[in-house]
Amino acid sequence: MADKINDGGPAFPLPKELYEHSEISPYGMSLRDWFAGMAIQGMLAGRKCELANVALGDMISSAFVIADAALKAREIPQ
């Protein structure tokens, strides 16, 4: 079985009183997804939005490498 990917937990968790009796998920997106999205935003900001010339798959893969590095940097040394 593959190792579980550290997703950093929820990026914007809600207080219990907001979701306790509701259909709202308290978790939303993971911190890993948020970091990756911010990396993609930064990559696209440096371009002239000519997405036809961008290898989106490579950009997304790179964004998750960046996100994983950010999560690793947040770990507290044992």
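Let's start with Phe-35, and with what this side of the chain packs against once sequence neighbours up to four places away are set aside: Phe-35 touches Ala-67, Ala-70, Leu-71 and Arg-74. Please keep in mind that this is a predicted model.

Two of those partners come back when we look at the core. Which residues make up the largest nonpolar core? There are eight: Ala-11, Leu-31, Phe-35, Ala-36, Ala-39, Ala-63, Ala-67 and Leu-71. Helix H2, residues 31–45, and helix H3, residues 56–74, are the elements that give two or more residues to this core. H2 supplies the largest share, with four residues.

Now for the charged side chains. How many salt bridges does the model have? The count comes to two. One of them joins the side chains of Arg-32 and Asp-68, at 2.5 Å from N to O. Arg-32 sits in helix H2 and Asp-68 in helix H3, so this pair ties together parts that are 36 residues apart in sequence. And is Arg-32 buried or exposed? Arg-32 counts as buried, because its relative accessibility is 14%, and the cut-off for buried is under 20%. Asp-68, its partner, counts as partly exposed at 31%.

The side chains of Glu-75 and Lys-72 also meet in a salt bridge, this time at 3.3 Å from N to O. Here Glu-75 is partly exposed, with a relative accessible area of 43%, while Lys-72 counts as exposed at 54%.

Let me take you over to Ser-30 for a moment. Where does Ser-30 lie? You'll find Ser-30 in the loop between helix H1, residues 16–19, and H2. Although Ser-30 is in a loop, this serine is buried, with a relative accessible area of 10%. What does Ser-30 touch, again leaving out residues up to four places away in sequence? The answer is Asp-7, Gly-9, Pro-10 and Ala-11. You may remember Ala-11 from the list of core residues.

My last stop is Asp-33, which is found in helix H2. Asp-33 counts as partly exposed, at 38% relative accessibility. If you have the structure open, try looking from Asp-33 across to Ala-63: these two are 30 residues apart in sequence and 9.2 Å apart in space, going from C-alpha to C-alpha. Ala-63 is another name from the core list.

To pull the H2 and H3 story together: both helices give two or more residues to the core, and the Arg-32 and Asp-68 salt bridge runs between them. Thanks, everyone, and I'm happy to go back to any of these residues.

How values were computed. Residues are numbered from 1 along each chain as its sequence is written. This is a predicted model: local features need pLDDT of at least 70, side-chain atom pairs count only at pLDDT 80 or more; totals for chains, interfaces and linings use all residues. Side-chain values use heavy atoms; hydrogens and water are left out. A nonpolar core is a set of buried Ala, Val, Leu, Ile, Met, Phe, Trp, Tyr and Cys residues joined through side-chain atoms within 4.5 Å. Buried means under 20% relative accessible area, exposed over 50%, partly exposed in between (1.4 Å probe, protein chains only). Contact means heavy atoms within 4.5 Å. A salt bridge is a side-chain nitrogen of Lys or Arg within 4 Å of a carboxyl oxygen of Asp or Glu.
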